Amino acid sequence: MHLISCIQQPVRSPEKLAGNIWFHGLHVPKIGWLRTCYQGCIRAVRRKLREIQPDLVQGIGTEREWRHQRRVFRLSKPGDRIQGNMAELARLNRERIGSYGWLTARLENFILPRTTGVFCNSSYTEALVRPRARRIWRVPHPLRQAFLDPPPNPEPRPCILLNVGVISPRKRQLELLDVAEALHRQGLKFRIPFCRFHPPRSRCLHGGIS
């Protein structure tokens with residue numbers, strides 16, 4: 001397995017992450033990014049794919065350069081992975097014609113039917129992608145077993161359930177409050193802090209319920 005990532009500054013990175021996992025950090029000057037519609041990134045990835053000759057390519061990510069780099073998939077058998085659906089975001093945000101959000105939505109509609117299939121992490125994503133994809137696979141996010149196993153010596157402290165992210169109907173905080181109410185009715189004691197980043201100062205606003 002080969003991992004490819006474009007970087008703006010030269011850095012030292014390991015050639016291999018494991019016995020069968022290679023890492024390729026491709027240095028692309030800043031001129032090859034957004035100001036040229038990521039042409040530098042696209043060409044760098046194409047060159048590396050010609051060298052690797054992969055059997056399957058999985059594109060991960062839906063915003064910025066990876067949305068544009070999916071054009072490199074014509075060199076191999078592609079697969080796509082959708083988490084943030086740009087066409088739906090453009091519709092909800094009423095993106096102006098010619099804006100970045102409008103452009104990424106157009107590219108998404110162009111590219112998805114040309115991929116072998118699309119990996120989705122939820123039924124919601126499946127519903128948005130199904131009309132435009134040849135095939136879809138449901139692949140939930142993995143969790144390491146350590147997150148599910150109880151600690152060997154649990155400390156007696158209040159349980160904290162932390163919600164970090166934009167406060168939005170799409171992030172389903174209202175459903176989270178319904179879950180919290182059900183847990184509270186069971187007699188469980190816990191706190192739920194809500195933390196979000198507030199542009200343009202990226203200041204973390206904190207509030208919560210007990």
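The paragraphs below go from the whole chain to one sheet, the helix packed on it, and two cysteines.

The model is predicted, so local features need pLDDT of at least 70 and side-chain atom pairs count only at pLDDT 80 or more, while totals for chains, interfaces and linings use all residues. Residues are numbered from 1 along each chain as its sequence is written, and side-chain values use heavy atoms, with hydrogens and water left out.

The protein chain has 6 helices and 11 strands; these are DSSP runs numbered from the N terminus, helices being H or I with at least four residues and strands E with at least two. Of its 210 residues, 30% count as buried, where buried means under 20% relative accessible area, exposed over 50% and partly exposed in between, with a 1.4 Å probe and protein chains only. The chain exposes about 14800 Å², and carbon and sulfur atoms supply 56% of that area (Shrake-Rupley method, 1.4 Å probe; for residues, only the protein chains shown count as cover).

One open sheet is formed by 3 strands in the order S1-S3-S2, with mixed pairing; two strands pair if DSSP finds at least two bridges between them. Strand S1 (2–7) and strand S2 (16–18) each have a single partner strand and stand at the edges, so one side of each has no neighbour in the sheet. Neighbouring strands of this sheet are turned by 25 degrees against each other on average, direction ignored. S1 and strand S3 (residues 21–27) run parallel and are joined by 6 bridges. Within this pair, Leu-3 stands opposite Phe-23 in S3.

Helix H1 packs on the sheet and touches S1 and S3, and its direction makes about 155 degrees with that of S1. Axes here are lines fitted to C-alpha atoms, for helices over the stretch in contact, and angles run from 0 to 180 degrees between N-to-C directions. H1 covers residues 39–52 and includes Lys-48. Is Lys-48 buried or exposed? Lys-48 is buried, at a relative accessible area of 15%. Apart from its neighbours within four places in sequence, Lys-48 is in contact with Ile-4, His-24 and Leu-26, contact meaning heavy atoms within 4.5 Å.

The structure holds 0 disulfides, a disulfide being a pair of cysteine sulfur atoms within 2.5 Å. Cys-6 is in none, and the nearest cysteine sulfur, that of Cys-41, is 4.2 Å away. Why is there no bond from Cys-41 to Cys-6? Because 4.2 Å between the two sulfurs is too far for a bond. Cys-6 is buried, with a relative accessible area of 7%, and Cys-41 also counts as buried, at 0% relative accessibility.
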